[in-house]
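Here are my notebook entries on this model, written up in the order I looked things up. Please keep the structure open beside them.

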Amino acid sequence: MSSVTQIAPTPVAPVVTRPRSRKRVRKFGWNALALVVLFVMVFPVYWMISTAFKPGHDILSFTPQWVPAHPTLSNFTDAIHQQFFWNAVKNSLIVTSVVVLLSLVLAFLAALALAKFSFYGRKPFIVVILGVQMVPLAALIIPLYIMMSRVHQVDKLSGVIVMYLTFVLPFAVWTLRGFLLGVPKELEESAMVDGATRFGAFVRILLPLLGPGLVATSIFAFIQAWNEFIIAYVFLHTPEKQTLMVWLASFTTLRGTDWGPLMAGATLCSLPVIVFFVLVQRKIAFGLTAGAVKG
Amino acid sequence: MASVAESGVIPASRRRRFSRRRFGQATAPYVLLAPAAAVIGVVLAYPLYLLVKMSFEKYGLFELIRHKGRWVGTDNYASIFQDAEFWRVVVRTFLFTVVCVSLTMILGTAIAMLLLQVSRWVRIALTTGLVLVWAVPVIVAVNIWRWMIDYQFGVANWALTKLHFGNFERHDWFANPWSGFGVFTLLIVWGAIPFVAITVYAGLAQVPHELLEAAAIDGAKPWAVFREVTLPLLKPILVILTSLSIIWDFQVFQQIWVMLDSRPTSDYYTMAIYAFHQSFQISEYGLGAAIAVVMVMFMFLATLVYLRQMLRTGEVH
């Protein structure tokens, strides 16, 4: 990154120290600005966590308390003893794990077709895959509801799973296709020349190379299914069948706004996502815009 | 994009195998694609067709029970186009989208540029912070912001009062839709900045240093370097990000819905909420479908731009 600071229009002076100290002052300024940005961005998350550890009387004070003076876990126990919390955990786990597994299998097969074969209708299918990512869910929710009620899939986890699967598939296919294209063809060919069957070449050569892609895709599917709200909210009526996000959204209406347990519940709901997100963040950014800048 | 068998070595004595294999070659991709295509077809293509069909039908509670709409031609469209409320909602949604997308793109790009200028440890700290914010689920984010702007104990009112911006004690941010939408803008821009900043930063890191240096040696000012060298190279990424942001912000629903306890007043209707209200709250599914179709049409433009850019960047062979 040093080359960027070099583009500053500093005149080439015979004395080296002056521009250098000027440069240092400028760098200090940029660093300070970046730390301010960091503070502003992270503050809401910090505020959630710090509230989650404060006892009720410290939360409901007119002068906010920056660091919990009397840290407590009572908000967390309140949150997990809230009605339907464990049902919601169970439902979220079922939905996300099934969506992850199915999307992985279906997306892998489709990606294989797109990356390794040339066939009639290949490009239209790619356009469809890219295009359906842009279909507004908010608009589709009405016909989806009508359709699902006709086949008696309203208020059932299976219906929600199928819908999530559809919204995860395009991205999953696209990402896996990218990874498949990255596998050098010569590797597979040499394995086949050496007498391996196509399946053997697949298991021994392709699969290990695709490991990171499969992990990234499944975590993406996990995050999508875990975070989704609108479909779960519209399609799952019975409280016992709701997912964690619906549980969290209805938290306040149960007994007024109880900020401590609410923030503790919010912290618990985001924990798995934050962990996974940190693991794959680079690959997700890569997947959506890969290759867009040509150096 | 040659297939594997094309370049495979096949001995002449195995001609018969060859032709059978070629048949396998021809059908294999379709077999592989079938399951994914089927799911996408059932859950996306059919509902899209149903949406358009329903927008030409009277579809109320009675029709919902009967599982069959009644054809009414363009009546639904006529009634929403004559509805003053509908046009207010359209203008509000457009305005909101323009403000949110511009702020997201400008601030996101600025932060990406900032990441290039700072020391290594600051860059790591800021990137980690951005990823953390990116990871926060939307419903969690809504609840955090609702708590921060709580009229009584919220930290925002306290800070604004302390900083002498006026008396914000017991200030209700949603009493006035302008300030209410200000809160939604902050919430959405805050949540969207990390993705834009990190993606643009990844793009900036790919811009060759020699180009920037050459421009600087030729005497270009930093702003000129940015405008003449960096921006054109970043254009594909910026186009993709902008069209994605338009799509995401135009259909804003859950932030407003959850923040306002599932009962926003009509001052807070966006197109998605208006369509939802018409269908699920007053059971006029046909009218809701017509609004949704108009919404899809508006968003189609952004989709076209996105598709064109994705196909152009050479990712699609």
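**Entry: the contact between the chains**

I began with the contact, to which chain B gives 96 residues and chain A gives 91 residues; two residues are in contact if their C-beta atoms, placed from the backbone, lie within 7 Å. On the side of chain B that touches chain A, I found the largest share, 16 residues, in helix α2 (residues 15–54) of chain B. Helices (H or I, at least four residues) and strands (E, at least two) are DSSP runs here, numbered from the N terminus. By class, that side of chain B holds 73 nonpolar, 19 polar and four charged residues. Nonpolar covers Ala, Val, Leu, Ile, Met, Phe, Trp, Tyr, Cys and Pro, charged covers Asp, Glu, Lys and Arg, and the others, Gly among them, are polar.

**Entry: confidence and conventions**

I noted that this is a predicted model, in which local features need pLDDT of at least 70, side-chain atom pairs count only at pLDDT 80 or more, and totals for chains, interfaces and linings use all residues. Residues are numbered from 1 along each chain as its sequence is written, while chains are lettered from A and ligands numbered from 1 in the order in which they are written.

The model scores ipTM 0.85 and pTM 0.85. For chain B I read an average pLDDT of 86, with 91% of the residues scoring at least 70; pLDDT is the predictor's confidence in each residue, from 0 to 100. Among the elements of chain B, the highest mean pLDDT (95) belongs to helix α5 (residues 84–117) and the lowest (40) to helix α1 (residues 4–7). Over residues 1–15 of chain B, pLDDT stays under 50, and the model has 17 contacts beyond four places in sequence for them.

**Entry: the two chains**

I counted 14 helices and two strands in chain B. Its radius of gyration, taken over C-alpha atoms, is 26 Å. The globule rule (2.2 Å times the number of residues to the power 0.38) gives 20 Å for 317 residues, so chain B is more spread out than a compact globule. Its C-alpha atoms fill a box of roughly 90 × 70 × 35 Å along the principal axes.

Chain A has 14 helices and zero strands. I see it divided into domain 1 (2–77) and domain 2 (83–249), with bounds from an automatic or database domain assignment. The C-alpha centres of these two domains lie 37 Å apart.

Buried residues make up 42% of the 295 residues of chain A and 41% of the 317 residues of chain B. A residue is buried if 20 or more other C-beta atoms lie within 10 Å of its own, exposed if 12 or fewer, and partly exposed in between, with C-beta atoms placed from the backbone.

**Entry: the core**

Next I looked up the largest nonpolar core, which has 169 residues; among those with the most contacts inside it are A:Ala107, A:Leu248 and B:Ala275. Such a core is a set of buried Ala, Val, Leu, Ile, Met, Phe, Trp, Tyr and Cys residues joined through C-beta atoms within 7 Å. Beyond four places in sequence, B:Ala275 touches A:Ala139 and A:Ile142, as well as B:Gly288, B:Ile291, B:Ala292 and B:Met295.

**Entry: one threonine**

Last, I picked A:Thr51, in helix α2 (residues 17–52) of chain A. Is A:Thr51 buried or exposed? A:Thr51 counts as buried because 26 C-beta neighbours lie inside 10 Å. Leaving aside neighbours within four places in sequence, its contacts are A:Ile59, A:Trp259, A:Gly260, A:Met263 and B:Trp147.
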